[in-house]
Number of protein chains: 2
Amino acid sequence: MGTRILSVEDDERIRQAVKLALEDEGWIVDEAESGEVAINTFQRHPADVVLIDIMLPGIDGFELCRTIRRTSDVPVVMVTARNDTHDIVAGLEAGADDYLTKPFAPKELSARIRALLRRTRPSSTPHARISLGDLEIVPDEGKVSRGGEEVHLTKTEFRLLCELADNPGKVFSREDLLDKVWGYDYFGDGRLVDVHIRRLRTKVEADPANPRHVVTVRGLGYRLQT
Amino acid sequence: MGTRILSVEDDERIRQAVKLALEDEGWIVDEAESGEVAINTFQRHPADVVLIDIMLPGIDGFELCRTIRRTSDVPVVMVTARNDTHDIVAGLEAGADDYLTKPFAPKELSARIRALLRRTRPSSTPHARISLGDLEIVPDEGKVSRGGEEVHLTKTEFRLLCELADNPGKVFSREDLLDKVWGYDYFGDGRLVDVHIRRLRTKVEADPANPRHVVTVRGLGYRLQT
DNA sequence: GTATTGTGCCGCAATTCGGTCGTAATGCGT
DNA sequence: ACGCATTACGACCGAATTGCGGCACAATAC
């Protein structure tokens, strides 16, 4: 979560369009209008993906890319104005991971970045398998079983359980869970969490009235019993 | 994947039960009732996992394990009748990778083996042959058969199936599949995946309305049933 | 050139899911 | 024991998801 993207582009209007498109995906967007500013910004806020226009005032996109590559292996997308093979090759040699040709559709932009994130990020596999007592959770397979018996959870229930299981024993407040499961931009009733906890219990607990796994900590929130 | 498992066990009934449980997972099961036979069999058909009962007539499980270890680093699971720390330590010293205590649930057995395969396999090459229940996939030859009967798949359907089969059990989101099957530069409707899943089912599933292989995980994507 | 097959896209229908609400039950402090 | 705050429950309805048939176009075979 909190994916951060650095967009380096000197054209004001394109920068705006890019920002809108990317923020629409829920990503945080840093902007830089030149290579110098970009390097500065990147050092203060390392991004998860960097988007570089080749034609820049001052140091050009290739140089910027090489500079970034010296200190980071963050995925880089180069943006070229013309469909010039030479530019593309030069970009890839400078260490870019992908390239885009102007003009590009906002959809294409976000799709490329998403693909890039998918390709580079999943190496950090959190937990292949979590088991707590008679509960077993396999995040990769979207499976949960109690005492060997597989139980079906909905997407939200599953995410909720995974979140709790991420720190077994830790108490999560409703705000914590709303943030992590429902996203940063959710404004609703905190009782929403209660409802899903209840639904989760009916499926995960042998006796939902006396929960042994999903425990409520009155006044604080919920936690997963170790 | 044509996973082959060698089960070394002198008790006829247990051997039967193990065979059934493992074949249920789509694995090929070789059997040996003694260490001598096991060594012979293993040389003719190298297995991906070897399951050894400690109590064997003739050479015992530890000796067998050491013998196998001299020529192969195949994962070995030791089976002990009693929950004896000494046995377990001795087994691990003999080169075993995991151990099980009798009596064990078939589910636990297959879960352990699956875990072992996951831990050891990823380094190896793409699977030359994948079989799941009555389905058999041969990526190299572009062939798929259900219950021995060969079925014709189109290029896209085949790639889709292979992608799913690459990590059986893992849930693939539509984006994952679009990325891998259609390429990272495809920007169409995610519903396209649905359509091809449906077409795949009409060919691969005995009853396309109740898919047993290509399963949908609502809200997450699709996965191949293990 | 024509027929056949494969591919992508759309709209409809069935189902499931998610969020909200009113209300009941429970725990906690006094 | 009482009142207040917090949590649990059941039900409802709109929204999201997915399966399905069909259509148009492209690729390939004949």
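## Surroundings of DNA strand C

In this predicted model, DNA strand C is surrounded by 26 residues. The closest of them are Thr156(A), Arg199(A), Thr154(B), Thr156(B) and Tyr186(B). Of the atoms of DNA strand C that come within 4 Å of the protein, 62% belong to sugar and phosphate.

Sorted by class, the surface near DNA strand C comprises ten charged, eight polar and eight nonpolar residues. Both chains contribute helices to this surface: helix 6 (155-166) and helix 8 (191-204) of chain A, and helix 6 (155-166) and helix 8 (191-204) of chain B, each supply at least two residues.

## Polar contacts with the strand

Which part of DNA strand C lies 2.6 Å from a polar side-chain atom of Arg199(A)? The partner of Arg199(A) is a base oxygen.

Phosphate oxygens of DNA strand C also have partners in the protein. One is 2.7 Å from a polar side-chain atom of Thr156(B). In chain A, an N or O atom in the side chain of His152(A) is 3.1 Å from a phosphate oxygen of the strand.

## A four-stranded sheet in chain A

Chain A contains an open sheet of four strands, arranged in the order 6-7-8-9 with antiparallel pairing. Strand 6 (130-132) and strand 9 (149-151) of chain A each have a single partner strand and stand at the edges, so one side of each lacks a neighbour in the sheet. From one strand to the next, the twist averages 25°.

In general, the strands of a sheet pair through backbone hydrogen bonds. Here, three bridges join strand 6 of chain A to strand 7 (residues 135-138) of chain A in the antiparallel sense. Ile130(A) has Ile137(A), in strand 7 of chain A, as its bridge partner.

Helix 6 of chain A packs on this sheet and touches strand 6, strand 7 and strand 8 (143-146) of chain A. The direction of helix 6 makes about 105° with that of strand 7 of chain A. Helix 6 of chain A thus touches the sheet and also supplies at least two residues of the surface near DNA strand C.

## Chain A as a whole

How many helices and strands does chain A have? The chain has eight helices and eleven strands. Of its 226 residues, 43% are buried.

Contacts in chain A can also be described by separation along the sequence. Among those between residues at least 6 apart, 54% join residues that are at least 24 apart.

Notes
Residues are numbered from 1 along each chain as its sequence is written. Chains are lettered from A and ligands numbered from 1 in the order in which they are written. This is a predicted model: local features need pLDDT of at least 70, side-chain atom pairs count only at pLDDT 80 or more; totals for chains, interfaces and linings use all residues. Side-chain values use heavy atoms; hydrogens and water are left out. A residue is near a molecule or strand if one of its heavy atoms lies within 4 Å of it. A polar contact is a pair of N or O atoms within 3.5 Å; within protein, one must be able to donate a hydrogen and the other to accept it, and residues adjacent in sequence count only if both atoms are side-chain atoms. Ala, Val, Leu, Ile, Met, Phe, Trp, Tyr, Cys and Pro count as nonpolar, Asp, Glu, Lys and Arg as charged, and the others, Gly among them, as polar. Two strands pair if DSSP finds at least two bridges between them. Axes are lines fitted to C-alpha atoms, for helices over the stretch in contact, and angles run from 0 to 180 degrees between N-to-C directions. Contact means heavy atoms within 4.5 Å. Buried means under 20% relative accessible area, exposed over 50%, partly exposed in between (1.4 Å probe, protein chains only).
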